[in-house]
Amino acid sequence: MSEAFEAPAGAGLTAGQYKDMVLKAGQEPEVFWLEQARKLVWHVPPQQASRSDFTGDVRVDWFSDGYLNVSENCLDRHVRSQPDKLALIWQGQDEDQKESLTYQELHARVCRLANVLRRLGVKKGDCVAIHLPMVVEGIIGMLACARIGAVHVVLFGGFSAEGLAERLSDSGAVLVLTADVARRGDKRIPSKTIMDEAIARCGAESRVRHVLVVSVTGADVPMQPERDLFYTDEVAQEQPDCPAESMSAQDPLFLLYTSGSTGRPKGLVHGSGGYLVWAAFTHATVFDHKPDDIFWCTADTSWITGHTYVVYGPLANGGTILVYEGLPSWPAPGRWWDVIDQYGVTVFYSSPTVVRGVMREGNDVVRSRSLASLRVIGTVGEPISPEAWQWFHDEVGKGRCPVVDTWWQTETGGVMITAAAGCVTPRPGAACLPLPGVRATLLDTQGQVVDGAGEGLLCMAASWPGQALSIWKDHDRFRQTYFTTCPGYYFTGDGARREADGYYWITGRVDDVVNVSGHRIGTAEIEDAVAMDHEVVESAAVGIPHDLKGQGLVVFVVPKEEGVFHPSAVNRAVAEGVGRYAVPEKIYVVRDLPKTRSGKIVRRLLRKIAMHDLEGLGDLSTLADPEIVPELIAQVKAQG
Ligand code: WTA
């Protein structure tokens, strides 16, 4: 293994150098990506970059003759060159809860847990579920899995027991890391109890042999003898070093569940080599990474953003990450600004939802903080309006920090379209330009490529190293979901507009996915949950614009019997089936839904009616029952 740590490409580039990089990645992708890959440490360095193919069965294949270990890249090589550098600064939601770990210390903690996992029988290729709030053990858990070649599946703390059970069963997780209780401002979420219920719901399908419980609050929790163990007791028995498993670049590093247009969440599979190259490369390029950065990505680790920019990108690049457990405005507005000032955060990467929320608190809150340490600020998850962009730029970045809006997806592994800091001139509200090696393309509804300025379906003409390899245990679903709408292309599910000079503006999802505060929610997931309520015949969920959340969910429900029906039952069904975060803004009780003669629900109409936008409802004559439209309009008006 090579000893020297080579700084990632992309950091400190001029606009001209960046342009050259875009050219080179376009003209000689093999050479370019092998060069990037060689900045990592490999047991066997790859000799080829991509053998991916978007036709036929579809293959995403990067550096496949190479072997490496992701945790060695994120830890060991930095322990050799900078053991005392801070890797992770953790601040709990209460002032006095804090911890800082050097690379050496983080390495030791990861190794101890990796040894525990091995002792408990977790093998290379097994899935381990991580269901923790933003505490250090969550990050240690991910890296410990990577060390022994286990595949981590980080599960969102907001999922209901049912939502967790579905993902535990699908992944076949053999071990779960959870908390006694999670804190969220004043709220307490009984993580362990919810997990117990989830495992019970899996019944015979559960492969979970052990539950490791992290004591976050120290609450008393029920422990099942043999199966349940306390994290601290277990790691205390282990040594602080642990040999790393040698992994093929194509071996899965993690699964992450996300929503699509059908009910069942899909477990996107990310590989070890391509993913890490992409995480390191994009982290360096997009944020112009500097060795003394204090990098704060505010995303939860249960989100792809948390995987790539809380953990893998910055640690692969030997950076210092800040992890904050709490909410932006708890216990009081301005809490996150205080965290930035207290720790001298240099890069702050958050979401439009957060920006809209803090904007509402008024300018005094942000103006009473210094924020002088900030160098680059960014957002991800949904389009940011030009107004919010400007406010973020002026009030948080004080007019001197580049703002990077970053477009990407769980499926893409890392940022794809952005105005890389210091290299590309941003335009407020635009996603801007594809990164080096990203072959973004617009296709019209006939599948023809749109040249120059225009609008269309956002696709990728070729693979990039961060691309997900497959859907867990269902490669055919992967092929069908992403490669059949526009044959030969990866279809993102988003629409976009492009200016003559190549700048992209994302217009939003074109499928049945709603983006509520950055949470991807499939309308079919909501409808499936509502269908569990026996008072309901049928329902349709749509997303409409929402001031704070970006989009809000509205559900139209057709009850079995009028008058007997309780809208609160719908909320309960969604909270139980999906999670509280997906509870709709509004429920309309209606007689029927607008459908085509072939029985397809016309969501476009429901969306317009829910928005009280009654202009241009379009041709209604293709509906099975055109009469339903005025009736729906009247019912929505009456219900407010
Ligand atoms: C949307 C999050 C506009 C988009 C990393 C995409 C965005 C989906 C942006 C992926 C952005 C994400 N501008 N829209 N900067 N970033 N999106 O998988 O619709 O949770 O397809 O990944 O969010 O959401 P996901």
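At what angle do the axes of helix H18 (residues 603-610) and helix H19 (residues 628-639) cross? In this predicted model, the two axes cross at roughly 35° and come within 10 Å of each other. The points below take up this helix pair, then the surroundings of the ligand, and finally two details of the backbone.

**Helix pair H18 and H19**

- Two packed helices are described by the angle between their axes and the distance between the axes.
- The crossing of H18 and H19 has a hand as well as an angle, and that hand is right-handed.
- On the side of H18, the contact is made by Leu605, Leu606 and Ile609, which meet Val629, Leu632, Ile633 and Val636 on the side of H19.
- Sorted by character, the residues of this contact between H18 and H19 comprise seven nonpolar ones, with no polar and no charged residues.

**Shell around the ligand**

- The ligand is surrounded by 18 residues, of which Asp405, Thr406, Thr410, Arg509 and Arg520 come nearest.
- Helix H10 (304-316), strand S18 (403-407) and strand S25 (504-509) each contribute at least two residues to this shell, and the largest share, three residues, is supplied by S18.
- In composition the shell around the ligand is mixed, with seven nonpolar, six polar and five charged residues.

**Polar atom pairs and burial of the ligand**

- Nitrogen atoms of the ligand are approached by the backbone at two residues: a backbone N or O atom of Gly381 lies 3.1 Å from a ligand nitrogen, and a backbone N or O atom of Thr406 lies 2.7 Å from a ligand nitrogen.
- At Thr410 the side chain takes part instead, with one of its N or O atoms 2.6 Å from an oxygen atom of the ligand.
- Taken alone, the ligand would expose 520 Å², and the protein buries 98% of that area.

**Backbone details**

- Most residues other than glycine have a negative phi, and most peptide bonds are trans.
- Against that background, the peptide bond joining Trp330 and Pro331 is cis, with an omega of about 5°, and Pro331 is placed in the loop between strand S15 (320-324) and helix H11 (335-343).
- Phe63, although not a glycine, has a positive phi of about 50°, and this residue lies in the loop between helix H2 (29-37) and strand S1 (67-68).

Methods: Residues are numbered from 1 along each chain as its sequence is written. This is a predicted model: local features need pLDDT of at least 70, side-chain atom pairs count only at pLDDT 80 or more; totals for chains, interfaces and linings use all residues. Side-chain values use heavy atoms; hydrogens and water are left out. Axes are lines fitted to C-alpha atoms, for helices over the stretch in contact, and angles run from 0 to 180 degrees between N-to-C directions. Helices (H or I, at least four residues) and strands (E, at least two) are DSSP runs, numbered from the N terminus. A crossing is left-handed if the near helix is turned anticlockwise from the far one by less than a right angle, and right-handed if clockwise. Contact means heavy atoms within 4.5 Å. Ala, Val, Leu, Ile, Met, Phe, Trp, Tyr, Cys and Pro count as nonpolar, Asp, Glu, Lys and Arg as charged, and the others, Gly among them, as polar. A residue is near a molecule or strand if one of its heavy atoms lies within 4 Å of it. A polar contact is a pair of N or O atoms within 3.5 Å; within protein, one must be able to donate a hydrogen and the other to accept it, and residues adjacent in sequence count only if both atoms are side-chain atoms. Accessible areas come from the Shrake-Rupley method with a 1.4 Å probe; for residues, only the protein chains shown count as cover.
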